[in-house]
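Below are some comments on the model you sent round. They go through it point by point.

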Amino acid sequence: MRFVIQRVSSASVESEGKILGAIENGFMVLIGCREEDTREIADKMVRKMTALRIFEDENGKTNLSLSATGGSLLLVSQFTLYADCRKGNRPSFLGSGDPEKAERLYEYIIEKCREALPGLKVETGSFGADMKVSLVNDGPFTILLDSDTL
């Protein structure tokens, strides 16, 4: 499982001209799942992401978590995080999980984020939809969480 986490001052996702989710200060997270991913892996990823201390404290040090700042989450599924570009110029997406299983894991991740961050705004995209993501990356600050390295 992979999460691309961007600290943002604003982010939104739309599909077919309709805004699906929008946040101000927080994380915009692209989520990629593969066949071998499980709920246990998702739990580990959510725990790590929600505890990340990458917001500045009063001394300008990246020392505060999402919950400490009252930030928000925008969660967007992105199967292309498992693109394999080793052969030729056209990426293969065979490493991405079965779409039905990946959608169940995506929905589970959303649920777990809402449980982990009660009272904070958790917005989403739409699994499998053609989406347009807009964001202002604050920093820029981008982190890749990969379950293989946690």
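**Notes on the predicted model**

1. I start with N25, which sits in the loop between β2 (18-23) and β3. The model is predicted, and the remarks here and below should be read with that in mind. N25 is partly exposed, at a relative accessible area of 49%. Beyond four places in sequence, the residues that N25 touches are V8, S9, G71 and S72. L66 is 41 residues away from N25 in sequence, yet the two C-alpha atoms are 9.1 Å apart.

2. S72 is the partner of N25 to look at next. S72 belongs to strand β6. With a relative accessible area of 10%, S72 is buried, because the limit for that class is under 20%. Apart from residues up to four places away in sequence, S72 touches I23, N25, G26, F27, L66 and K121. L66 thus appears in the contact list of S72, and L66 is also the residue whose C-alpha lies 9.1 Å from that of N25.

3. Which residues does Q6 touch, leaving out those up to four places away in sequence? They are G26, F27, M28, L135, N137, F141 and T142. Q6 itself is in strand β1 and is buried, with a relative accessible area of 14%. To N137 there is a polar contact, side chain to side chain, at 2.8 Å. G26 and F27 are touched by Q6 and are touched by S72 as well.

4. Two backbone details deserve a check. The peptide bond joining G139 and P140 is cis, with omega about -5°; P140 is in strand β8 (residues 132-146). E16 has a phi near 55°, which is positive although the residue is not glycine. E16 is placed in the loop between β1 and β2 and is exposed, with a relative accessible area of 84%.

5. The loop between β7 and β8 holds both D130 and M131. Is each of them buried or exposed? M131 counts as buried at 17% relative accessibility, whereas D130 counts as exposed at 59%. The cut-offs are under 20% for buried and over 50% for exposed, so the two residues fall into opposite classes.

6. The contacts of this pair can be set side by side. Neighbours within four places in sequence left aside, M131 is in contact with V13, E14, S15, L20, V76, S77, G125 and S126. On the same basis D130 is in contact with E14 and S15, and both of those residues are in the list for M131. Across 118 residues of chain, the C-alpha atoms of M131 and V13 are separated by 6.4 Å. By contrast, D130 and I143 are 13 residues apart in sequence and 24 Å apart in space, C-alpha to C-alpha.

7. The length of helix α3 (residues 99-116) can be tested. At 1.5 Å a residue, its 18 residues should span 26 Å, and the end C-alpha atoms are 25 Å apart, so the two values agree.

8. Burial along α3 involves A102, L105, Y106, Y108, I109, I110 and C113. An α-helix has 3.6 residues a turn, so residues three or four places apart point the same way. The cover over the buried residues of the helix includes β1 (2-15), β3 (26-32), α1 (39-51), β6 (72-77) and β7 (122-124).

9. I110 is one of the buried residues of α3, with a relative accessible area of 5%. Residues up to four places away in sequence aside, I110 touches L75 and T124. The C-alpha atoms of I110 and P140 are separated by 24 Å, with their positions 30 residues apart along the chain.

10. The last point is the largest pocket, whose volume is about 380 Å³. Its lining has 21 residues, and those nearest the centre are S77, Q78, F79, T80 and G128. At least two lining residues come from each of β3, β6 and α3. By class, the lining is made up of 12 nonpolar, seven polar and two charged residues. S77, one of the residues nearest the pocket centre, is also in contact with M131.

Terms used
Residues numbered from 1 in each chain as written. Predicted model: local features only at pLDDT ≥ 70, side-chain atom pairs only at ≥ 80, totals over all residues. Heavy atoms only, no water. Helix = DSSP H or I, 4+ residues; strand = E, 2+ residues; numbered from the N terminus. Expected span 1.5 Å × (residues − 1). Buried < 20%, exposed > 50% of the residue type's maximum accessible area, 1.4 Å probe, protein only. Contact = heavy atoms within 4.5 Å. Polar contact = N/O pair within 3.5 Å; in protein donor to acceptor, adjacent residues only side chain to side chain. 1 Å grid on protein atoms, 1.4 Å probe; cavity = no way out; pocket = protein on both sides within 12 Å on 5 of 7 lines; lining within 4 Å. Points joined across faces, edges and corners; volume = space filled by probe spheres on them. Nonpolar A, V, L, I, M, F, W, Y, C, P; charged D, E, K, R; others polar.
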